[in-house]
Amino acid sequence: MPAPTLLRQPSRTLVIAAAVPLALAALADDVRVRRQLEAARRDPLTGLHLRDGYTNRARQITARHSADALVILVDVDHFKQINDTHGHAAGDRVLAATAQRLAAWAGSRGIAGRLGGDEFAATVRIHPAHRRPRLEQLAAALTVPVDVGDRLVDVAASIGAAAPDTVSTTDLPLLQRAADAAMYAGKHTGRPVLADRSHATVPSVNGRRPGRPGTHSLGAGA
């Protein structure tokens, strides 16, 4: 008897039709929550990952791709002078431009983050034979004057880099310590410095070179 089948079919269609909007709403809520969580992990000024998000991804790169991993630390030179001379709005534009240039340089196979203040980091995959030219490319990109609205502001950056094969470790804190020491060795020269094993043995506090942010709370050197 076909009549019962014909009566049941519209009911099933109505159930499906009612379920679709609920499923779409749940999906939209899930996407919205994911976006909110992702936004909370990023620096509101530059859009870069904050320290925790950056560190998680950087650890993955150094652990899985030790043959071509490279850890970078970047400081904007004379940043206080930029703020004092041109104002904090101009300083913010310099930070945002530095972040954009570093992220573009790191590309989709790397990660860039803002560690705090005018200090940035990146971990990327670069074949050892290409390290020097890529670091020179980054140095050139970071010294392009920044448009702050009514003028161009000259900028400069100090860059230190460390690789597992030159420092003999894949441990991210040790790589960052070596990159930090290398950056200090080339401070204000405009020359990026690739760390060797000697840079990894520089005394540090909380994993940072003495005098750097985060080194004042614990008194023992590592």
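Contact here means heavy atoms within 4.5 Å. The model on screen is predicted, with local features needing pLDDT of at least 70, side-chain atom pairs counting only at pLDDT 80 or more, and totals for chains, interfaces and linings using all residues. Residues are numbered from 1 along each chain as its sequence is written, and side-chain values use heavy atoms, leaving out hydrogens and water.

Select leucine 102 to begin: leaving aside residues up to four places away in sequence, Leu102 touches Val74, Ala112, Phe120, Ala121, Ala122, Leu138 and Leu142.

Next, widen the selection to the largest nonpolar core (a set of buried Ala, Val, Leu, Ile, Met, Phe, Trp, Tyr and Cys residues joined through side-chain atoms within 4.5 Å, where buried means under 20% relative accessible area with a 1.4 Å probe, protein chains only). It has 33 residues, and those touching the most other members are Leu70, Ile72, Val74, Leu102, Trp105, Phe120 and Ile159. At least two residues of this core come from each of strand S1 (69–76), helix H3 (79–86), helix H4 (88–106), strand S3 (119–125), helix H5 (131–142) and strand S6 (157–162), these being DSSP runs numbered from the N terminus (helices H or I, at least four residues; strands E, at least two). With eight residues, H4 gives the most to this core.

Now show H3 and H4 together, where Phe79, Ile82, Asn83 and His86 of H3 meet His88, Ala90, Gly91, Val94 and Leu95 of H4. The residues of this contact divide into five nonpolar, four polar and no charged, counting Ala, Val, Leu, Ile, Met, Phe, Trp, Tyr, Cys and Pro as nonpolar, Asp, Glu, Lys and Arg as charged, and the others, Gly among them, as polar.

Finally, show the whole protein, which has eight helices and seven strands, and in which 41% of the 222 residues count as buried.

Note on methods. Buried < 20%, exposed > 50% of the residue type's maximum accessible area, 1.4 Å probe, protein only.
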